[in-house]
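Trainee: I should like to go through the reasoning behind the terms applied to this model. May I put my questions to you one by one?

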Amino acid sequence: MPLSEHEQRLFEQIEQSLAEDPKFASAVRASDPRFHARRRLLLAVGVIAVGLALVVYGTVTELTLLGVAGFVVMLSAAAFAMRSHRKGQSPDLRVVGGTTSRRTRGRRMSFIDRLEERWRQRPEGHR
């Protein structure tokens with residue numbers, strides 16, 4: 001249902017007043033999951049660089065244990081970065097009142113869910 005001209009003007013005034021409020025902008029930014037995901041991603045990139053430095057230093061000084069530890073640090077930071085990137089791509093939807101729910105439309109089905117769906121959709125003669 002389209003808004004009337006009066007409602008559109010009121011909506012634009014509310015939008016402008018909210019855009020000019022620095023406290024509101026920082027509060028919205030602080031609650032945005034994409035902002036936190038981006039920050040975690042940058043942190044993970046820094047830890048990957050530290051892990052790479054440990055691998056190179058461990059290889060040069062022939063300290064195998066240090067090189068392995070650097071590789072483990074790099075691997076775990078890369079996994080953390082991938083998880084943060086996925087969280088940033090599909091943030092939780094927040095409902096007014098504080099409850100959260102995930103999007104279900106783009107959700108991947110597990111192996112068991114796919115098998116159950118195939119079983120339900122099989123032709124009737126193949127039991």
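Trainee: In which helix does Phe71 lie?

Mentor: In this predicted model, Phe71 belongs to helix α4, which covers residues 64–89.

Trainee: Why is Phe71 called partly exposed?

Mentor: The relative accessible area of Phe71 is 46%. Buried requires under 20% and exposed requires over 50%; the value for Phe71 lies in between, so the residue is partly exposed.

Trainee: What makes the nonpolar surface patch that includes Phe71?

Mentor: Val68, Phe71, Val72 and Leu75 make the patch, with an area of about 380 Å². Members of a patch need over 30% relative accessible area; Phe71, at 46%, therefore meets that requirement.

Trainee: How do you know that the span of α4 agrees with its number of residues?

Mentor: The expected span is 1.5 Å times one less than the number of residues. For the 26 residues of α4 this gives 38 Å, and the end C-alpha atoms are 37 Å apart, so the two agree.

Trainee: Which residues of α4 are called buried, and what helps to cover them?

Mentor: They are Gly67, Gly70, Met74, Ala77, Ala81, Ser84 and Gly88. To be called buried, a residue must have under 20% relative accessible area. The cover includes α3, residues 33–60.

Trainee: Why do residues three or four places apart in an α-helix point the same way?

Mentor: An α-helix has 3.6 residues a turn, so such residues point the same way.

Trainee: What percentage of the protein's residues count as buried?

Mentor: Of its 127 residues, 10% do.

Definitions and conventions
Residues numbered from 1 in each chain as written. Predicted model: local features only at pLDDT ≥ 70, side-chain atom pairs only at ≥ 80, totals over all residues. Heavy atoms only, no water. Patch = residues over 30% accessible without salt bridge, like charges linked within 9 Å, V, L, I, M, F, W, Y side chains within 5 Å. Areas by Shrake-Rupley, 256 points an atom, 1.4 Å probe, with all protein chains shown as cover. Salt bridge = Lys/Arg side-chain N within 4 Å of Asp/Glu carboxyl O. Helix = DSSP H or I, 4+ residues; strand = E, 2+ residues; numbered from the N terminus. Buried < 20%, exposed > 50% of the residue type's maximum accessible area, 1.4 Å probe, protein only. Contact = heavy atoms within 4.5 Å.
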